[in-house]
Amino acid sequence: MVSVAKSFDAPIKLLFPTADAARPFSMLGLGDIVIPGIFVALALRFDVSRNIKNRYFNSAFLGYTAGMTVTIVVMNWFQAAQPALLYIVPGVTGFVAVHSLWNGEVKPVRPLTSFQPRLG
């Protein structure tokens, strides 16, 4: 997967310089930004629809930051590429789930995490 992403010259990846000469760049695919970004945007929309000040948005964004930090730590620890979504998605959904449990708002937040289309 990494070799395919490295050989593909299109705007589907972000390259970040590193201090390691053996691995001069660290790569992040746009899917690692877009897919969790949709969830973060849904959390912001949920906050706006309930007239609350960015509570779940902040939790989702903090979860994204924590997931990305874990990804970078694991990548540097094992000196190998890591699938970022493996760490980002549980971070984002976990932070929102814990926040909703803490506030006792599991039922209103549940449609945010189920991704079921509404018909009608």
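**Helix packing and buried residues in the predicted model**

Serine 26 lies in strand β2, which spans residues 25-29. In this predicted model, the relative accessible area of serine 26 is 16%; since values under 20% count as buried, serine 26 is therefore classed as buried. Methionine 75 is separated from serine 26 by 49 residues in sequence, yet the C-alpha atoms of the two residues are 9.3 Å apart in space.

The strand that holds serine 26 belongs to a chain with 5 helices and 2 strands. Along the sequence, these elements follow the pattern α-β-β-α-α-α-α. The protein chain comprises 120 residues, of which 25% count as buried. Among contacts between residues at least 6 apart in sequence, 49% join residues at least 24 apart.

The UniProt record, an unreviewed entry, places the feature "transmembrane region" at residues 25-44, 56-78 and 84-102. Two of these spans may be described in terms of their secondary structure. Residues 25-44 are 70% helix and 25% strand, with the end C-alpha atoms 32 Å apart. Residues 84-102, by contrast, are 95% helix and 0% strand, and 27 Å separates the end C-alpha atoms of that span.

The packing of the helices was examined next. Helix α2 (residues 31-49) packs against helix α3 (residues 55-78) at an angle of about 160 degrees, and the two axes are 7 Å apart. Angles over 145 degrees count as roughly antiparallel, and α2 and α3 are therefore roughly antiparallel to each other. The crossing of α2 past α3 is right-handed. On the α2 side, the contact is made by Asp32, Ile33, Pro36, Phe39, Val40, Ala43, Leu44, Phe46 and Asp47. The α3 side contributes Arg55, Tyr56, Phe57, Ala60, Phe61 and Tyr64. By class, the residues of this contact comprise 12 nonpolar and 3 charged, with no polar residues.

A further packing pair is formed by α3 and helix α4 (residues 85-103), which meet at an angle of about 145 degrees with their axes 7 Å apart. The passage of α3 across α4 is likewise a right-handed crossing. The contact of α3 with α4 contains 13 nonpolar, 8 polar and 1 charged residues.

Individual positions add detail to this arrangement. Aspartate 32 is found in helix α2 and is among the residues through which α2 contacts α3. With a relative accessible area of 15%, aspartate 32 is buried. When neighbours within four places in sequence are left aside, the contacts of aspartate 32 are Tyr64, Ala84, Leu85 and Ile88. Of these partners, Tyr64 is listed on the α3 side of the contact between α2 and α3.

Valine 109 lies in helix α5, which covers residues 106-114. The relative accessible area of valine 109 is 2%, and this residue is buried. Outside its neighbours within four places in sequence, valine 109 is in contact with Phe46, Tyr56, Val96 and Ser100. Phe46 and Tyr56 also take part in the contact between α2 and α3, Phe46 from α2 and Tyr56 from α3. Histidine 99 is 10 residues from valine 109 in sequence, with a C-alpha to C-alpha distance of 9.8 Å between the two.

Technical notes: Residues numbered from 1 in each chain as written. Predicted model: local features only at pLDDT ≥ 70, side-chain atom pairs only at ≥ 80, totals over all residues. Heavy atoms only, no water. UniProt positions renumbered as here; feature names shortened; annotations may be inferred. Helix = DSSP H or I, 4+ residues; strand = E, 2+ residues; numbered from the N terminus. Axes fitted to C-alpha atoms, helices over the stretch in contact; angles between N-to-C directions. Parallel < 35°, antiparallel > 145°, perpendicular 65-115°, else oblique. Left-handed = near helix turned anticlockwise from the far one by under 90°. Contact = heavy atoms within 4.5 Å. Nonpolar A, V, L, I, M, F, W, Y, C, P; charged D, E, K, R; others polar. Buried < 20%, exposed > 50% of the residue type's maximum accessible area, 1.4 Å probe, protein only.
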